[in-house]
Amino acid sequence: MSVQDELERRGVAPAGRDAVLPFAVEPLDVRGRAVMLGPILDRILDRHAYPASVSRLLAEATTLVALLGTSLKFEGRFTLQTTTDGPVSMLVVDFQTPDGLRACAQFDAEAVAEAEARGVTDTPALLGRGHLAMTVDQGAAMNRYQGIVALDGTTMEEVAHQYFAQSEQIPTVVRIAVGEVLDRQPGAAPRHSWLAGGVLAQFLPDAPERMRQADLPPGDAPEGAGEHFVEEDDAWREARALVETLRDSELGDPEMSAERLLFRLFHERGVRVFAPQPLADRCRCSDTRIRAMLKGFTEEERTDMTVDGRIEVTCRFCNTRYDYEAGEF
């Protein structure tokens, strides 16, 4: 019986686009999440009119945050931010429980155009060198947790693997891909849209010793010192190998659903899915927040912001503009 058949038997609606689908493969002691993004990406990216290479990069980061942020079991925020010296100097993707997702990018338009002209638009080329921070904010009453990963020729998938290896020390595999669709209807202008898919799987056996991984290189080991090696558990080796078989064309297929994807991967072992977690394009900016922010500046700082007696603020995430008389503050 396929995952889709099982859902119909239980009367559960499929996840569809823009929802994260939690799953478990119990014979392999694996739990994870799958996501297929569509309209939410178009809404986030179209309002900024980013170059195609920047849109693709931000879509990858957004897919990763959708997989990671929806794992929060408390009210809070999960934020991914890059700071680098490449053509795309900053990416920020923010997830607010239970479903709010927003994202933006900062880039050098000339450098990006040159990279696109040369056809060098992979993640390492666009980001360059720097670091990526993943921050978990549990609210004012709790301390924030932040994991930092160096960016030096790494992809979003490799970033996720490094993050889990050094921060949570949970065997984890991530696959992410972004695709473009050009819909040509007779008598209408071609319509461009973005699609993205991702799968995150983690090995969580009852016996902790089965999760052992090789130590990360310390960076100061004496010359000739051997690397630490730990043989992978057979169940995790199988699960990881299955996820790594996913092709970009599958993850970016407009006809592919998260349920079908998981069935293709794990039907021989049996995969159980849980209630999907919908995602929403939701910014946290508001008139109240902007006014409070402006009141927090000094009079001199507000004077520097004033043009013809007015202060204009544009949200970098949703492009909403707020316009005020300077005298209000």
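How many bridges join strand β1 to β2, and in which sense do the two strands run? In this predicted model, seven bridges join β1 (residues 19–25) to β2, and the two run antiparallel. Leu21 stands opposite Ala34 of β2 in this pairing. The two strands form a hairpin with four residues between them, and within the turn Asp29 adopts a positive phi of about 55°. Strand β2 also pairs with strand β9 (residues 191–203), to which it is joined by eight bridges, again in an antiparallel arrangement; here Leu37 is placed opposite Ala196 of β9. Of the eight residues of β2 (residues 30–37), seven are buried, so the strand is largely enclosed by the rest of the structure.

Arg33 belongs to this strand, β2, and, with a relative accessibility of 11%, which is under the 20% limit, Arg33 counts as buried. A polar atom of the Arg33 side chain lies 2.6 Å from the backbone oxygen of Leu67. When residues up to four places away in sequence are not counted, Arg33 touches Val20, Leu21, Pro22 and Phe23, together with Leu67, Leu68, Thr70 and Ser71, and also Gly198, Val199 and Leu200.

At the level of the whole protein chain, eleven helices and 14 strands are found. Buried residues account for 45% of the 329 residues in the chain. Among contacts between residues at least 6 apart in sequence, 63% join residues that are at least 24 apart.

Helix α3 (residues 52–69) comprises 18 residues and reaches 25 Å from its first C-alpha to its last, a span close to the 26 Å expected at 1.5 Å a residue. The helix is mostly covered, with 16 of its 18 residues buried. The largest nonpolar core of the model contains 55 residues, and those with the most contacts inside it are Leu64, Phe78, Leu91, Met134 and Leu279. Ten residues of this core come from α3, which thereby provides the largest share. Apart from this core lies another, of 30 residues, whose members include Val30, Ala177, Phe203 and Leu262. The surroundings of Met134, leaving aside its neighbours within four places in sequence, consist of contacts with Leu64, Leu68, Phe78, Thr79, Leu80, Tyr145, Gln146, Gly147, Val159 and Tyr163.

Val159 and Tyr163, two of these contacts of Met134, are also among the buried residues of helix α6, which include Met156, Glu157, Ala160 and Phe164 as well. Helix α6 (residues 156–168) has 13 residues and extends 17 Å between its first and last C-alpha atoms, close to the 18 Å expected at 1.5 Å a residue. Seen down the helix axis, the buried residues of α6 fall within an arc of 160°, so they line one face of the helix. Just after α6, Gln169 takes a positive phi of about 55°.

A further helical position, Leu45, is found in helix α2 (residues 39–46). At 3% relative accessibility, Leu45 counts as buried. Outside the range of four places in sequence, Leu45 touches Tyr50, Ser55, Leu58, Ala59 and Trp194. The C-alpha atoms of Leu45 and Ala103 are separated by 8.4 Å, although the two residues are 58 residues apart along the chain.

Six strands form an open sheet in the order β7-β6-β3-β4-β5-β12, with mixed pairing. Strands β7 (145–152) and β12 (280–281) stand at the edges and have a single partner strand each, so one side of each is left without a neighbour in the sheet. Within the sheet, β3 (residues 77–84) and β4 (residues 88–96) pair in the antiparallel sense over seven bridges, and Thr79 has Asp94 of β4 as its bridge partner.

Towards the end of the numbered strands, β13 (residues 310–314) and β14 pair in the antiparallel sense over five bridges, with Glu312 standing opposite Asp323 of β14. These strands form a hairpin with six residues between them, and Asn319 in the turn has a positive phi of about 65°. Strand β14 (residues 321–325) presents two faces, of which the covered one carries Tyr322 and Tyr324, whereas the uncovered one carries Arg321, Asp323 and Glu325.

Terms used
Residues are numbered from 1 along each chain as its sequence is written. This is a predicted model: local features need pLDDT of at least 70, side-chain atom pairs count only at pLDDT 80 or more; totals for chains, interfaces and linings use all residues. Side-chain values use heavy atoms; hydrogens and water are left out. The expected span of a helix is 1.5 Å times one less than its number of residues. Buried means under 20% relative accessible area, exposed over 50%, partly exposed in between (1.4 Å probe, protein chains only). Two strands pair if DSSP finds at least two bridges between them. A nonpolar core is a set of buried Ala, Val, Leu, Ile, Met, Phe, Trp, Tyr and Cys residues joined through side-chain atoms within 4.5 Å. Contact means heavy atoms within 4.5 Å. The arc is that of the directions from the helix axis to the C-beta atoms. A polar contact is a pair of N or O atoms within 3.5 Å; within protein, one must be able to donate a hydrogen and the other to accept it, and residues adjacent in sequence count only if both atoms are side-chain atoms.
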